[in-house]
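I opened this entry to record what I looked up in the model, going through it one topic at a time.

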Amino acid sequence: MKILVLNASPKGPNSTTLHTALYLAALHPEHSFTVLHVGQQIRQLEKDFAPLRQALSEAELLLFCYPVYTFIAPYQLHRLIELIKADGVELRGKLASQITTSKHFYDVTAHRYVEENCLDLGLHTIRGLSADMEDLLCERGQREARMFFDQLLFSCDHGPFVAPAPRAPQRTRAIYRPTLPETPKVSQKDAVIVTNCAPDDVNLTNMITDFRAALPCGSRVVNLREFPFGGGCLGCFGCAITGQCVYKDGFDSFLRQTIQTADGFVYAFTISDHYTHSSFKCFDDRQFCNGHRTVTHGTPIAYLISGDYQYESNLRMIVEGRCEVGGNYLCGVATDEGDTAADIRTLAQNLAFAMDGHLARPANFYGVGGMKIFRDMIYVMQGLMKADHRFYKEHGIYDFPQKQRERIWQMRLIGTLLSIPSVQKKAKGQMTTAMIAPYQKVVEQARRDT
Ligand SMILES: Cc1cc2nc3c(=O)[nH]c(=O)nc-3n(C[C@H](O)[C@H](O)[C@H](O)COP(=O)(O)O)c2cc1C
């Protein structure tokens, strides 16, 4: 089979992920593997797509290989998908799959993003391999990679292929015109609206205008398309040591001084390719200069999204997951799918309420699970990720279970007591009563206090 390996890691030949594909190629000389370093060469591809068009046309199976970057794929792969779709090269009926390496932090959303785009292109899409960064270095990881490839070949012949999600009906979106009156700016808070709004994006422009009018505080707009990005994150880890990005485009100070200083963040974009235009992904990835530090913990976030958000379940998970992991209060998402003006007004009020009240809510599975991955990873990498390690120590993020010594002993004692038959008999039916007692005390105290 003619397999085209699309290596979207910005590290090119030095990509960890690529090496899983190279390992499989070494084991399967009966198949032809062509490797293109599309991530590293994204600038050249923007100028001349012809060589890639040729390679895509000749391939039978496209194998997307990339690292998971900030919940999805690297900017370079987002850009590549834009280029493929814009070119219109016929891929219908070909096969596609993917290999990623990561620390499994939101690898699911990355895989789904690539699957959804493969499905858009009419590719028969086969579930990919999501490996840990170090998997290829151990026997289990190698075995799993081999099994993935065997399954991939089998699925090429027999399926199953990834099923598409329900699609938004084909319709022309109604133009949204600004309708909201100017609310007096009585609050001293400052909201920053980060957008990649294109000049001809009428709905998003008008949604931003209305949102700003409805806010009871001042706001600023940062358009990412105007920022002179030197390029996408290179994954070089230079910032892990110095805290400074290797690019000299001033993004890290811009991020810290212009964006992160706000009392509330508003992200405004139009959906395309199941996320938004790649300019936003460039922004996401370049924030790696903050490492894994939740530096904006507590700052509320609101989203203005133009497009069929209700049909984008993966994007909804990304939006929620990012707030959860960052410890940011998600005030809501206003879209142009329903009563846009009312949704925008409510969202503006919610954001103002959250900024004034410093609202917080307990992290859910997306947040708790995500932070546990970071906690374990930074603990192991503390020698390299020095700033992250210091931050995690200072903020009590190293909440390893073994530190809860008192609770562990308490549970041991209860377990030992309950293994005595006479105690067991006596405790029967009283366990829940005993467990709820401290909670009852809280409620009683609250009653006394009011
Ligand atoms: C900018 C950036 C963002 C990343 N985001 C994630 C992430 O969201 N989830 C994850 O598990 N790992 C993440 N990683 C780690 C990479 O996925 C991991 O190091 C990967 O194995 C690198 O593969 P490569 O050598 O092929 O580029 C990120 C790394 C960088 C540099």
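**Entry 1: a hairpin.** I began with strands S9 and S10 (residues 275-276), which I found paired in the antiparallel sense over two bridges. Looking for a residue pair in this ladder, I noted that Ile 271 stands opposite Thr 276 in S10. Two residues lie between the strands of this hairpin, and there I looked up Asp 273, which takes a positive phi near 50°. I kept in mind throughout that this is a predicted model.

**Entry 2: the other partners of S9.** I then asked which strands pair with S9 in the parallel sense, and one of them is S11 (residues 301-306), joined to S9 over six bridges. As a residue pair here I wrote down Phe 269, which stands opposite Ile 305 in S11. Strand S7 (residues 187-195) also runs parallel to S9, and five bridges join the two; for Val 194, I found the bridge partner in S9 to be Tyr 267.

**Entry 3: cover of S9.** Is S9 mostly covered or mostly open? I went through residues 264-272 and found the strand mostly covered, with seven of its nine residues buried.

**Entry 4: domains.** I looked up how the chain is divided, and the assignment gives domain 1 (2-158), domain 2 (187-365) and domain 3 (404-449). Taking centres over C-alpha atoms, I noted a separation of 45 Å between domain 2 and domain 3.

**Entry 5: the place of the ligand.** Where does the ligand lie with respect to the domains? Domain 1 and domain 2 both give residues to the shell around the ligand, so I recorded the ligand as lying between them. I listed 20 residues surrounding the ligand, of which the closest are Ser 9, Ser 15, Thr 17, Thr 101 and Lys 103. Sorting the shell by class, I obtained eight nonpolar, nine polar and three charged residues. As for secondary structure, I noted that helix H1 (16-27) and strand S4 (95-102) each supply at least two residues of the shell.

**Entry 6: backbone contacts of the ligand.** I next looked for polar backbone atoms facing the ligand, and at Lys 103 I found one that is 2.7 Å from a ligand oxygen atom. At Phe 71, a polar backbone atom is 3.2 Å from an oxygen atom of the ligand, whereas at Phe 105 a backbone N or O atom lies 2.8 Å from a nitrogen atom of the ligand. I closed with the accessible area: the ligand has 650 Å² on its own, and the protein covers 95% of this.

Definitions and conventions
Residues are numbered from 1 along each chain as its sequence is written. This is a predicted model: local features need pLDDT of at least 70, side-chain atom pairs count only at pLDDT 80 or more; totals for chains, interfaces and linings use all residues. Side-chain values use heavy atoms; hydrogens and water are left out. A residue is near a molecule or strand if one of its heavy atoms lies within 4 Å of it. A polar contact is a pair of N or O atoms within 3.5 Å; within protein, one must be able to donate a hydrogen and the other to accept it, and residues adjacent in sequence count only if both atoms are side-chain atoms. Accessible areas come from the Shrake-Rupley method with a 1.4 Å probe; for residues, only the protein chains shown count as cover. Helices (H or I, at least four residues) and strands (E, at least two) are DSSP runs, numbered from the N terminus. Ala, Val, Leu, Ile, Met, Phe, Trp, Tyr, Cys and Pro count as nonpolar, Asp, Glu, Lys and Arg as charged, and the others, Gly among them, as polar. Domain bounds come from an automatic or database domain assignment. Buried means under 20% relative accessible area, exposed over 50%, partly exposed in between (1.4 Å probe, protein chains only). Two strands pair if DSSP finds at least two bridges between them.
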